[in-house]
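Please open the model in your viewer and keep the selection panel at hand. The tour proceeds by selection, one stop at a time.

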Amino acid sequence: MPSELTRYCPKCETRTPSAPLPQLSDDEAQLARLGRRDPEGFFRRYYCLQCRAIWRSVEVPVDFLDGLLASREEVEELERHVALLRFLMASLRQQQGQAAPAQRLAA
């Protein structure tokens, strides 16, 4: 059967034969809802021929996916910086809070 593909099924958690379902709406309109003006991918619904599950996937070019994966490390590094800044701000507030009662006792 030519429409049969081997894809990862999220329910079976393995690669199984699956079939694409007909598109019910325009890919470009769906991507526009995600804020992408220039659609580089499209949504597709698949049907698992083994467990009969239906799931939704996004198909994107490899270059676009590589860019996302490369930026993931940068995002994680920025999240670490934000966490450190929050910690430093909380420490500063705590030090200022402890200094205020000590100043009242000295007065």
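Select V58 first: this residue is found in strand β4 (residues 54-59). Strands are DSSP runs of E with at least two residues, helices are runs of H or I with at least four, and both are numbered from the N terminus. The model is predicted, so local features need pLDDT of at least 70 and side-chain atom pairs count only at pLDDT 80 or more, while totals for chains, interfaces and linings use all residues. Residues are numbered from 1 along each chain as its sequence is written, and side-chain values use heavy atoms, with hydrogens and water left out.

Is V58 buried or exposed? V58 is partly exposed, because its relative accessible area is 45%; buried means under 20%, exposed over 50%, and partly exposed in between (1.4 Å probe, protein chains only).

Next, select E59, which also lies in strand β4. E59 is buried, with a relative accessible area of 18%. Display the side chain of E59 together with that of R7: the two make a polar contact (3.1 Å). Add Y46, whose side chain makes a polar contact with the side chain of E59 (2.8 Å). A polar contact is a pair of N or O atoms within 3.5 Å; within protein, one must be able to donate a hydrogen and the other to accept it, and residues adjacent in sequence count only if both atoms are side-chain atoms.

Finally, display the whole chain. Its secondary structure comprises two helices and four strands, in the order β-β-α-β-β-α from the N terminus. Of its 107 residues, 14% count as buried.
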